[in-house]
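Student: I've got a model open and a few labels I'd like justified. Can we go through them together?

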Amino acid sequence: MTTEKEGLSTAESLRKTRTYGKFRCHNPTCMERIQPEKGKKTAKCPTCGMEYRVHWVNPNLPRIRGPVWDTNRKLAETKLKEMGVK
Amino acid sequence: MPLDRKIAYIDLTTGDIQTKPIPLDVRKKFLGGRGLDAYLLYNHTEKGCDPLGPKNTLMVSGGILTATCASATARTHIMAKSPLTGLLGSANMGGFFAPEMAWAGFHHLVIKGKAKHPVYIYIHNGEIEIRDARDIWGQSVTDSQWAIREDLGDQEVKSLVCGPAGENLVRFANVMTGIKNSGGRSGMGCVLGSKNLKAVAVRGTMDIKIARPKEALEYNKRFIDQIVSAKVNQTQGALGTPFIWGATNSWGGIRTRNFQYNQCEYADDIEPERIDEICEETMGKYHMTGCFGCQVHCRAQYKIPSGPYAGTYDEGPEYTSQGAFGGETDTPRAITVLTGNHLVNKFGMDNLETGSLISWAMELYELGIITSKETDGIDLKFGNDDAVIEMIDRICFRKGWLGDTLADGGIAASEKIGKNSFNYLIQVKGMSNLHSDERATPALALNSATGSRGSDHLRSRPAIDLYHLPEEVLRKIYSNPVPYDGPLSSEHTEYIGKPWQVFWQENCYMGVDCLGICKYHTTFLGATLPNFEDWSKVLYYNTGLEMTPEEIWDVAVRCNMIERLFNLREGLARDDLKKGDMLNHRYFDEPCRRGAIDVVGRKIDKKKFIQMIDEFYEHKGLDNNGVPKPETLKKLGLKNEPSHLV
């Protein structure tokens, strides 16, 4: 039987790293933490410009519902054009 | 004591039934659940046996912690040689079956042979009998379970069953329990059908003595607190698993139109929030429910709101049904997802395989590889909701040329269709990929390629790789319980360090599957959820078995190796596109076209991918061909397999 390190397992000790009221930008090279205004339904990443629709699971737990589709498609098509992908 | 639960050997050909205890040394090597099943499969199935023949052996089990004071020990595991892949078949489901089987005195069943006519096995407080199921054969998943309760005069009986898909030998038929608990992937329901085994029914009232009940309960409070305080589980409890699909689609990780796109655009109608609204509209505010001993409650209840099945009750949909009947087929309509989900639940058929094969056929149809002649006039274009629903029915009942062809699985279908159709089939080892698109995530691509039962997200996926966790957090997780000082990267588009993460997750998931705990209660979707260290305590308090986290890790490595040995015996070869650890060429050749800005244009670098496989093999103790080195087998105590210890 192992003895408990400081009374907490590694998983338990990582609990203090949890953040509330924020989510990360979904753009992989950005991943900026975005803190939407409480109750607001959209948020824009200040770093890369991605725009998201926001859902509030509870008053302290926002999640990205999805991108703003028109912006998302426009950005993707511009990028594909730049890359020469047909 | 949980350790006094027995193993039963049931021969359906002869009717012979034997029960035996599980020796402690076997427990210490394999624990229970999937791990011990893998050992039993390797020892009790002959090399090259016909998966649909009487010599295929079917295992049904609970974990070593099932029905104890530990949390979320609802999982039932089913294993046999797969009729879909010809390799390892393995399925895992929630619900209430495994705890009831443990209360009836058993942790493992080993079922051989083939009954002369449809039967079901009934297990009741240590007694086992084989009963006539001719009147139940042909009934749907739910109706079968009610018919068995009626037959036995006991409304508390829990059954696992095969539905019409299993009876019709659809190669990806599920084993089911309850309304929607699915032992899916790899066709275990088809194995039941091939044995004329309609169901296994259980009812038990035998106590399970907990080794240290006070400590077990106290520790479980801590465990539960850790589970329910996690953001991921709060989200699951509110939106169910569809939130996973929603989050993945948001950044561009959902394969759409088979594999043409990596995001289902304008999918608002099947986003988890919309599904949740429908559940609330049709079932009321408190529409989430759960499995035995679980606090997360990720399972939604709903009624189909409109269409030919309007008012029909069902549960889910899981994220896999959103992928199968929404994204892959480009039919992002809630009514299609909810109806498709209902039909596969009713038929007992794998949603992922069904949706994947329909979307593959749609691409072939649009390319002219199959025509309206093969579809019996169905306009099988992407976006045709009616065609999706019609094809689900046709596959289950093997109606028409295409329905019958797809019911045999992708590889057999591609051989029948010919004309380059295989190139468009998104599969590994003969099993269709999850609805996710891993072109932007090398770690997830590696896990898909190397999963023991085929392309899989539940065998080794480092899902937390997507969270951009700081390296020091990653190191805390991935250097425990065995030291690791190699590279790790927070970037999920990177290749560095990923093989170790996949190897670690492979062992984490095997551990949880041996214990019988749900994966949502470990390091799968949440970085702060319990794993090896925590399990060591739970195991000790509940069973009295003293094992260090390192010893549990060793069990997991051993059990994964047994699965590898089984696959190698059945023909697994590293680069074989049909039976190996390799992805479809489209991962390497076709760039992502949608998603977040920096996902667009990404594809897997084949050279780096092959290096990842080399490194993954090294971690596992395999040579360059993916075969275990002699010293690895010696270290794991497997050099004398098959050993027939039980």
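**Chain A and its partner**

Tutor: Sure. From the N terminus on, chain A runs α-β-β-β-β-β-α. The model is predicted, so to speak of local features pLDDT must be at least 70, side-chain atom pairs count only at pLDDT 80 or more, and totals for chains, interfaces and linings use all residues. Residues are numbered from 1 along each chain as its sequence is written, and chains are lettered from A and ligands numbered from 1 in the order in which they are written.

Student: What makes a stretch of chain A count as one of its helices or strands?

Tutor: DSSP runs, numbered from the N terminus: H or I over at least four residues for a helix, E over at least two for a strand. Chain A has 2 helices and 5 strands.

Student: Why is chain A called more spread out than a compact globule?

Tutor: Its radius of gyration, taken over C-alpha atoms, is set against 2.2 Å times the number of residues to the power 0.38. For 86 residues that rule gives 12 Å, and chain A comes out at 18 Å, well over it, so the label follows. The C-alpha box, along the principal axes, is roughly 60 × 35 × 20 Å.

Student: How do you know which residues of chains A and B are in contact?

Tutor: Their C-beta atoms, placed from the backbone, must lie within 7 Å. By that test, 44 residues of chain B are in contact with 35 residues of chain A. H9(B) gives the most to chain B's side, with 5 residues.

Terms used
Contact = placed C-beta atoms within 7 Å.
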